[in-house]
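Below are my notes on the structure you passed along, set out as numbered points. I have kept to side-chain pairings, burial and the way the helices are tied together.

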Amino acid sequence: EANARLVGVGCRTGHSPIPSPVMELKDIPFVPILASFFWGSNPSEDVSPETCLASFPILTSPCLSGMLVKLVGIGIMLGACLNKLPLYINVLKTGSVAGMAAGAVYGETIMYANAAFYGFLRGNPFTAYGENAIMTLQAIGICFLLWKFKDDPTVPQKERILAIIGFGLYVFVVTVILPPEHYYLLQASNWPVLIYSRGGAIREIWRIQHTGTQSIIMHIMNLGGSCVRILTTIKEVGWDMALLSGYILSAGLNVCLVCSFYIYRKNTEQFLKSLEAKKKE
C-alpha cells in the first residue's frame, strides 16, 4: 500500500514513478541477443529464448543442452582455426610436401566447401557448419603450399590455372544456379569426394610407406571433430542423414589415417632425418 501511495504521489506531482528494484533479464542490454543466439534456432518445441530466460539461472534440461551444444560448436570452430597449423609449420620448416597427393588436396577443398555451402544455403546455425568454412580457407592455403613445394614432379602452370577457374565456376553454380530442392546434392556428392580425398591420402601413404610431413595432430583433430559433429548435428539440426552420413564416413576414414601414423612411424622418422640431412648439405 505504501508503494502504491508513493507511485500515486509521483504521478500527481509530475515525477516519474519509483522503479521496481528487480530488472527482468530480457531488459538487460545484449541478453536478448545472446538468448536468441543460444536458443533461437533450436528445433525443439520446448526451447525458445523466452522460455529459457524465464527459467534462468536454473535452466531446464532442453535449454541447458541447447546452450552446451552451441558452446561446443564454438569450441569446434576455434579448434578448426588451428587444425592445419601443424601441417603449415611442417611444410614451411622442411620445404617438403611429401605424403600429399594433389587430388586428395583438391578433393578435400571441395569437400569442406560443399559442407559449408550446404549449411549456409539451408540456413543452419553457423555453429553447426562454421568450421567447414574455416577449413575451406585453410585447404585453399594447402593448395598453394602444394604448388610451391611439390617437386616430384612439380605442379604444371596449366593445372594451377584450371584449378582456380574450376573452383570459381563451382562457387558460381552452387550460389547462383543450384535450386533449393537440390541442395542435398552438395552433401550427397561429398561421399565420393570424401572417399577420393581421404582415400587418396591413404593410398599415397601406402605407396611411399611413410606419412611424410603430414601432422598426426591435424588428423586426430579431424577425427575428434567428426565424432563430436555427429552429436551436435543431431541436437542442433536434427536427424539430417545427408549431413550425418558424411560425418560418420569422415570419422571412419580419419581412423585409417591416424592408424597410418602408428604403422609407418619408423619409416617416417627415417624420412624426416634424411630430409633434415639434405637441408644441412
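1. In this predicted model, F144 and W147 both belong to helix α7, which covers residues 130-149, and they stand 3 residues apart, about one turn of the helix. Their ring centres are 5.3 Å apart and their planes meet at 80 degrees, so the pair is edge-to-face, given that planes over 60 degrees apart count as such. The two partners differ in burial: F144 is partly exposed, with a relative accessible area of 48%, whereas W147 is buried, with a relative accessible area of 8%.

2. The search of the whole structure finds 5 aromatic pairs. Among them is the pair of F117 and Y170, whose ring centres lie 6.0 Å apart with planes at 65 degrees, so this pair is edge-to-face as well. The pair joins distant parts of the chain, since F117 sits in helix α6 (residues 102-121) and Y170 in helix α8 (residues 157-177), 53 residues apart. F117 and Y170 are both buried, and ring pairs link F117, F167 and Y170 into a cluster.

3. Two contacts between a charge and a ring deserve a look alongside the aromatic pairs. The charged end of K148 sits over the ring of F149, at 5.6 Å from the ring centre. The charged end of R265 sits over the ring of Y262, and here the value to the ring centre is 4.2 Å.

4. How many salt bridges does the structure hold? There are 3 salt bridges, and one of them joins K84 to E108, with the closest N and O atoms 3.2 Å apart. K84 lies in the loop between α4 (61-82) and α5 (85-94) while E108 lies in helix α6, so this salt bridge ties together parts that are 24 residues apart in sequence. Is K84 buried or exposed? K84 has a relative accessibility of 1% and therefore counts as buried, the cut-off being under 20%; E108, at 11% relative accessibility, likewise counts as buried.

5. E108 has a further partner in R198, the side chains of the two meeting in a salt bridge at 2.9 Å from N to O. This pair links distant parts of the chain, with R198 in helix α10 (residues 190-208) and E108 in helix α6, 90 residues apart. R198 is buried, as is E108, and K84, E108 and R198 are linked in a network of salt bridges.

6. A salt bridge within a helix is found between E204 and R207, where the closest N and O atoms are 2.8 Å apart. These residues are 3 residues apart in helix α10, so about one helical turn separates them. E204 counts as buried because its relative accessibility is 13%.

7. N222, found in helix α11 (residues 216-236), counts as buried at 7% relative accessibility. Leaving aside neighbours within four places in sequence, N222 is in contact with N83, Y112, M135, R198 and N254, and R198 is also a member of the salt-bridge network with K84 and E108. The C-alpha atoms of N222 and G79 are separated by 9.7 Å, although these two residues are 143 residues apart along the chain.

8. Which residues of helix α2 (residues 31-39) are buried? They are V31, A35, F38 and W39. Seen down the axis of α2, these buried residues fall within an arc of 75 degrees, so they line one face of the helix. The cover over the buried residues of α2 includes α3 (49-55) and α4.

9. For the chain as a whole, the model contains 13 helices and 0 strands. Of its 281 residues, 43% count as buried, and the chain exposes about 15,900 Å², of which carbon and sulfur atoms supply 69%. Among contacts in the chain with a separation of 6 or more, 81% come from residues 24 or more positions apart; the pairs described above include examples of such links, one being R198 with E108, 90 residues apart.

How values were computed
Residues are numbered from 1 along each chain as its sequence is written. This is a predicted model: local features need pLDDT of at least 70, side-chain atom pairs count only at pLDDT 80 or more; totals for chains, interfaces and linings use all residues. Side-chain values use heavy atoms; hydrogens and water are left out. Rings of Phe, Tyr and Trp (its six-membered ring) pair if their centres lie within 6.5 Å; planes under 30 degrees apart count as stacked, over 60 as edge-to-face and the rest as tilted. Helices (H or I, at least four residues) and strands (E, at least two) are DSSP runs, numbered from the N terminus. Buried means under 20% relative accessible area, exposed over 50%, partly exposed in between (1.4 Å probe, protein chains only). A charge sits over a ring if NZ of Lys or CZ of Arg is within 6 Å of the ring centre and within 35 degrees of the ring normal. A salt bridge is a side-chain nitrogen of Lys or Arg within 4 Å of a carboxyl oxygen of Asp or Glu. Contact means heavy atoms within 4.5 Å. Accessible areas come from the Shrake-Rupley method with a 1.4 Å probe; for residues, only the protein chains shown count as cover. The arc is that of the directions from the helix axis to the C-beta atoms.
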